[in-house]
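Colleague: I am new to this structure and would like a close look at just one part of it. Could you walk me through the charged side chains and their surroundings?

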Amino acid sequence: MDERNIITDEQVVKRAREAVRLELKRMKAMDIPVAVYDGKTKKIYQVYSDGTREEVHLEDHCDGMT
């Protein structure tokens, strides 16, 4: 394999982070809420483009799946 085509783990992580940043920016611009996990409260929130957030209750979204 040609060594010029190999990227480092650091480059992969940098590209992945940039892709996530751009996708979150796109979703905000399109007014699409994003699910965020808060490690301090151990809860999942739906965050809207205006900055408001609403707790997600998984039992309301599982439809009996376990």
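Modeller: Let's start with Glu18, which is partly exposed, having a relative accessible area of 34%. This is a predicted model, so please read every value here as computed from it. The side chain of Glu18 meets that of Arg21 in a salt bridge, with N and O 2.7 Å apart. Arg21 counts as partly exposed too, at 42% relative accessibility. Why can these two side chains meet along the helix? Arg21 and Glu18 are 3 residues apart in helix 1, which covers residues 9–29, and therefore about one helical turn separates them. As a general matter, side chains of opposite charge can pair when their charged atoms come close.

Further along helix 1, you can look for another pair. Arg26 and Glu23 join their side chains in a salt bridge, at 2.6 Å from N to O. Here again the spacing is 3 residues within helix 1, which puts Arg26 and Glu23 about one helical turn apart. Arg26 is partly exposed at 38% relative accessibility, and Glu23 falls in that class at 33%.

It may help to step back for a moment and place this helix in the chain. The chain has 1 helix and 3 strands, arranged along the sequence as α-β-β-β. By the rule used here, the model holds 4 salt bridges, and the two pairs just described, Arg21 with Glu18 and Arg26 with Glu23, are among them.

Now let's move on to the strands. Glu55 and Lys43 form a salt bridge through their side chains, with 3.8 Å between N and O. Glu55 belongs to strand 3 (residues 53–55) and Lys43 to strand 2 (residues 43–47), so this pair ties together parts that lie 12 residues apart in sequence. Glu55 is partly exposed, with a relative accessible area of 30%, and Lys43 is partly exposed at 34% relative accessibility.

Lys43 also leads to another charged residue, Asp38. Setting aside residues up to four places away in sequence, Asp38 touches Lys43, Tyr45 and Arg53. Is Asp38 buried or exposed? Asp38 counts as buried, because its relative accessibility is 18% and the cut-off for buried is under 20%. For the chain as a whole, 8% of the 66 residues count as buried. Asp38 sits in strand 1, which spans residues 34–38. A polar atom of its side chain lies 3.3 Å from the backbone nitrogen of Thr41.

Two of the residues touched by Asp38, Tyr45 and Arg53, have an arrangement of their own. Arg53 lies over the face of Tyr45, 3.7 Å from the centre of the ring. Rings do not pair with one another in this model, as the structure holds 0 aromatic pairs.

Beside Asp38 in the sequence is Tyr37, also in strand 1. Tyr37 is exposed, with a relative accessible area of 52%. Apart from neighbours within four places in sequence, Tyr37 is in contact with Lys42, Lys43 and Ile44. Lys43 is the residue you met above in the salt bridge with Glu55.

Lys42 deserves a look as well. This residue lies in the loop between strand 1 and strand 2 and counts as exposed at 60% relative accessibility. Its phi is near 60°, a positive value in a residue other than glycine. Most residues other than glycine have a negative phi. Where else can you find a positive phi in a residue other than glycine? Asp31 has one, with phi near 65°. You will find Asp31 in the loop between helix 1 and strand 1, where this residue is exposed with a relative accessible area of 53%.

To finish, here is how these contacts sit in the wider chain. Among contacts between residues at least 6 apart in sequence, 0% join residues at least 24 apart. The chain exposes about 6,200 Å², and carbon and sulfur atoms supply 55% of that area.

Conventions: Residues numbered from 1 in each chain as written. Predicted model: local features only at pLDDT ≥ 70, side-chain atom pairs only at ≥ 80, totals over all residues. Heavy atoms only, no water. Phe/Tyr/Trp six-rings, centres within 6.5 Å; stacked < 30°, edge-to-face > 60°. Lys NZ or Arg CZ within 6 Å of the ring centre and 35° of its normal. Helix = DSSP H or I, 4+ residues; strand = E, 2+ residues; numbered from the N terminus. Buried < 20%, exposed > 50% of the residue type's maximum accessible area, 1.4 Å probe, protein only. Contact = heavy atoms within 4.5 Å. Areas by Shrake-Rupley, 256 points an atom, 1.4 Å probe, with all protein chains shown as cover. Polar contact = N/O pair within 3.5 Å; in protein donor to acceptor, adjacent residues only side chain to side chain.
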